[in-house]
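Open the model in your viewer and keep the selection tool ready. The stops below run from the inside outward.

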Amino acid sequence: QVQLVESGGGSVQAGGSLRLSCAASGSIFSINVMGWYRRAPGKQRELVATVTSGDITNYADTVKGRFTISRDNAKNTVYLQMNSLKPEDTAVYYCNTAGLRSAAGWGNYWGQGTQVTVSS
(Lines give C-alpha, C1' and ligand atoms only; values in the text may rest on other atoms or scores of the structure.)
Protein backbone atom coordinates (compact mmCIF):
# COMPACT_ATOMS: atom_id res chain seq x y z
CA GLN A 1 0.00 0.00 0.00
CA VAL A 2 1.31 3.42 -0.96
CA GLN A 3 1.73 5.99 1.81
CA LEU A 4 2.95 9.58 1.76
CA VAL A 5 4.59 10.83 4.94
CA GLU A 6 5.26 14.54 5.33
CA SER A 7 7.61 16.28 7.73
CA GLY A 8 9.15 19.68 8.32
CA GLY A 9 6.20 21.87 9.19
CA GLY A 10 6.22 24.20 12.15
CA SER A 11 6.05 27.79 13.29
CA VAL A 12 8.32 30.56 12.10
CA GLN A 13 8.42 34.33 12.06
CA ALA A 14 7.85 36.30 8.89
CA GLY A 15 10.96 36.31 6.73
CA GLY A 16 12.04 32.92 7.99
CA SER A 17 12.45 29.62 6.20
CA LEU A 18 11.15 26.07 6.44
CA ARG A 19 11.78 22.93 4.43
CA LEU A 20 9.06 20.37 3.92
CA SER A 21 9.72 16.77 2.93
CA CYS A 22 7.38 14.08 1.69
CA ALA A 23 8.44 10.47 1.24
CA ALA A 24 6.33 8.01 -0.69
CA SER A 25 6.61 4.40 0.41
CA GLY A 26 5.28 1.10 -0.88
CA SER A 27 5.93 -1.00 -3.95
CA ILE A 28 6.41 2.05 -6.19
CA PHE A 29 7.68 1.74 -9.74
CA SER A 30 7.42 5.36 -10.90
CA ILE A 31 5.82 8.72 -10.10
CA ASN A 32 4.95 11.18 -12.85
CA VAL A 33 4.27 14.31 -10.84
CA MET A 34 4.95 15.20 -7.21
CA GLY A 35 3.65 18.37 -5.69
CA TRP A 36 2.53 20.46 -2.77
CA TYR A 37 -0.85 22.02 -2.14
CA ARG A 38 -2.08 24.04 0.79
CA ARG A 39 -5.30 24.96 2.52
CA ALA A 40 -5.47 28.14 4.55
CA PRO A 41 -8.20 28.63 7.17
CA GLY A 42 -11.50 29.38 5.49
CA LYS A 43 -10.11 28.85 1.99
CA GLN A 44 -10.06 26.10 -0.59
CA ARG A 45 -7.03 23.95 -1.19
CA GLU A 46 -4.71 25.50 -3.76
CA LEU A 47 -1.68 24.47 -5.77
CA VAL A 48 1.69 25.56 -4.41
CA ALA A 49 4.16 23.82 -6.70
CA THR A 50 4.66 20.67 -8.77
CA VAL A 51 7.64 18.88 -10.29
CA THR A 52 7.59 16.21 -12.98
CA SER A 53 9.81 13.17 -13.25
CA GLY A 54 11.78 15.18 -15.78
CA ASP A 55 12.28 18.03 -13.26
CA ILE A 56 9.89 20.45 -14.94
CA THR A 57 8.54 22.70 -12.22
CA ASN A 58 5.42 24.80 -11.86
CA TYR A 59 4.68 27.36 -9.16
CA ALA A 60 1.75 29.39 -7.98
CA ASP A 61 2.34 33.09 -8.66
CA THR A 62 2.13 33.80 -4.94
CA VAL A 63 5.22 31.71 -4.15
CA LYS A 64 7.40 32.25 -7.23
CA GLY A 65 10.86 33.42 -6.29
CA ARG A 66 10.42 32.38 -2.65
CA PHE A 67 9.69 28.63 -2.76
CA THR A 68 11.68 25.91 -4.50
CA ILE A 69 10.39 22.41 -5.20
CA SER A 70 12.72 19.50 -5.87
CA ARG A 71 12.59 15.72 -5.85
CA ASP A 72 14.83 12.74 -5.33
CA ASN A 73 13.55 9.98 -7.59
CA ALA A 74 15.73 7.33 -5.99
CA LYS A 75 14.07 8.05 -2.64
CA ASN A 76 10.58 8.83 -3.99
CA THR A 77 10.78 12.04 -2.02
CA VAL A 78 9.74 15.59 -2.80
CA TYR A 79 10.93 18.69 -1.00
CA LEU A 80 9.65 22.24 -0.67
CA GLN A 81 12.13 24.87 0.43
CA MET A 82 10.20 27.89 1.62
CA ASN A 83 12.08 31.16 2.08
CA SER A 84 10.93 34.69 2.90
CA LEU A 85 7.81 33.30 4.48
CA LYS A 86 4.82 35.58 4.95
CA PRO A 87 1.86 35.33 7.33
CA GLU A 88 -0.35 34.58 4.33
CA ASP A 89 1.64 31.39 3.77
CA THR A 90 0.06 30.00 6.93
CA ALA A 91 -1.81 26.83 5.97
CA VAL A 92 -1.85 23.08 6.11
CA TYR A 93 0.46 21.83 3.39
CA TYR A 94 -0.35 18.60 1.60
CA CYS A 95 1.92 16.41 -0.47
CA ASN A 96 0.46 14.92 -3.63
CA THR A 97 1.57 12.37 -6.19
CA ALA A 98 -0.11 12.09 -9.57
CA GLY A 99 0.39 9.22 -11.96
CA LEU A 100 2.02 6.95 -9.40
CA ARG A 101 2.55 3.40 -10.63
CA SER A 102 2.84 0.76 -7.96
CA ALA A 103 2.24 -2.94 -7.50
CA ALA A 104 -1.43 -1.99 -7.03
CA GLY A 105 -1.59 -0.19 -10.38
CA TRP A 106 -1.93 3.52 -11.18
CA GLY A 107 -3.18 6.04 -8.65
CA ASN A 108 -3.04 9.51 -7.15
CA TYR A 109 -2.25 9.93 -3.46
CA TRP A 110 -2.30 12.58 -0.73
CA GLY A 111 -0.32 12.99 2.44
CA GLN A 112 -1.93 13.69 5.79
CA GLY A 113 -0.88 17.34 5.83
CA THR A 114 1.59 19.35 7.86
CA GLN A 115 0.88 22.69 9.51
CA VAL A 116 2.93 25.75 8.63
CA THR A 117 2.34 28.85 10.73
CA VAL A 118 4.03 32.18 9.97
CA SER A 119 3.72 34.94 12.54
CA SER A 120 4.20 38.63 11.85
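**Stop 1: the core**

Start with Trp 36, Leu 80, Met 82 and Tyr 93: within the largest nonpolar core, which has 30 residues, these touch the most other members. Next, colour the strands that feed this core. Strand E3 (18–25), strand E4 (28–39), strand E5 (46–52), E7, strand E8 (77–82), strand E9 (91–102) and strand E11 (114–119) each supply at least two of its residues. Bear in mind that this is a predicted model. As background, nonpolar side chains in soluble globular proteins tend to be buried together.

**Stop 2: E1, E3 and E8**

Select strand E1 (residues 3–7) together with E3. The two pair in the antiparallel sense, over five bridges. Find Gln 3, and look across to Ser 25 in E3, which stands opposite.

Now add E8. E3 and E8 run antiparallel and are joined by six bridges. Pick Leu 20; its bridge partner in E8 is Leu 80. Leu 80 has already appeared, as one of the core residues that touch the most other members.

**Stop 3: E4, E5 and E6**

Select E4 and E5. Six bridges pair them in the antiparallel sense. Tyr 37 is a good marker, since Leu 47 in E5 stands opposite. Follow the chain through the hairpin of E4 and E5, where six residues lie between the strands. Stop at Gly 42, whose phi is positive, near 75 degrees.

Carry on from E5 to E6. This pair is also antiparallel, over three bridges. Ala 49 stands opposite Tyr 59 in E6. Four residues separate the strands in this hairpin. In the turn, Asp 55 has a positive phi of about 65 degrees.

**Stop 4: Asn 76**

Move to the loop between E7 and E8 and select Asn 76. Is Asn 76 buried or exposed? Its relative accessible area is 19%, under the 20% cut-off, so Asn 76 counts as buried. Show its contacts. Leaving out residues up to four places away in sequence, Asn 76 touches Cys 22, Ala 23, Ala 24, Ile 28, Ile 31 and Met 34. Draw a distance from Asn 76 to Ile 28: the C-alpha atoms are separated by 8.3 Å, with the two residues 48 apart along the chain. Check the backbone too. Phi of Asn 76 is positive, near 50 degrees, in a residue other than glycine.

**Stop 5: Ser 84 and Arg 66**

Ser 84 sits in the loop between E8 and E9. Its phi is also near 50 degrees, again positive in a residue other than glycine. At 42% relative accessible area, Ser 84 is partly exposed.

Select Arg 66 next, in the loop between strand E6 (57–59) and strand E7 (67–72). Its relative accessibility is 11%, and therefore Arg 66 counts as buried. Which residues is Arg 66 in contact with, leaving aside neighbours within four places in sequence? They are Gln 81, Met 82, Asn 83, Ser 84, Leu 85, Lys 86 and Asp 89.

**Stop 6: the largest pocket**

Keep Arg 66 selected, as it is one of the residues lining the largest pocket. Add the rest of the lining: Arg 38, Arg 39, Ala 40, Lys 43, Gln 44, Glu 46, Thr 62, Lys 86, Glu 88 and Asp 89. The volume is about 180 Å³. Colour the lining by class: eight residues are charged, two polar and one nonpolar. Lys 86 and Asp 89 belong to this lining, and both are in contact with Arg 66.

Key:
Residues are numbered from 1 along each chain as its sequence is written. This is a predicted model: local features need pLDDT of at least 70, side-chain atom pairs count only at pLDDT 80 or more; totals for chains, interfaces and linings use all residues. Side-chain values use heavy atoms; hydrogens and water are left out. On a 1 Å grid over the protein atoms alone, a cavity is a set of points where a 1.4 Å probe fits but cannot get out, and a pocket is an open set with protein on both sides within 12 Å along at least five of seven lines; lining residues have an atom within 4 Å of a point. Grid points are joined across faces, edges and corners, and a volume is the space filled by probe spheres set on the points. Ala, Val, Leu, Ile, Met, Phe, Trp, Tyr, Cys and Pro count as nonpolar, Asp, Glu, Lys and Arg as charged, and the others, Gly among them, as polar. Buried means under 20% relative accessible area, exposed over 50%, partly exposed in between (1.4 Å probe, protein chains only). Contact means heavy atoms within 4.5 Å. A nonpolar core is a set of buried Ala, Val, Leu, Ile, Met, Phe, Trp, Tyr and Cys residues joined through side-chain atoms within 4.5 Å. Two strands pair if DSSP finds at least two bridges between them.
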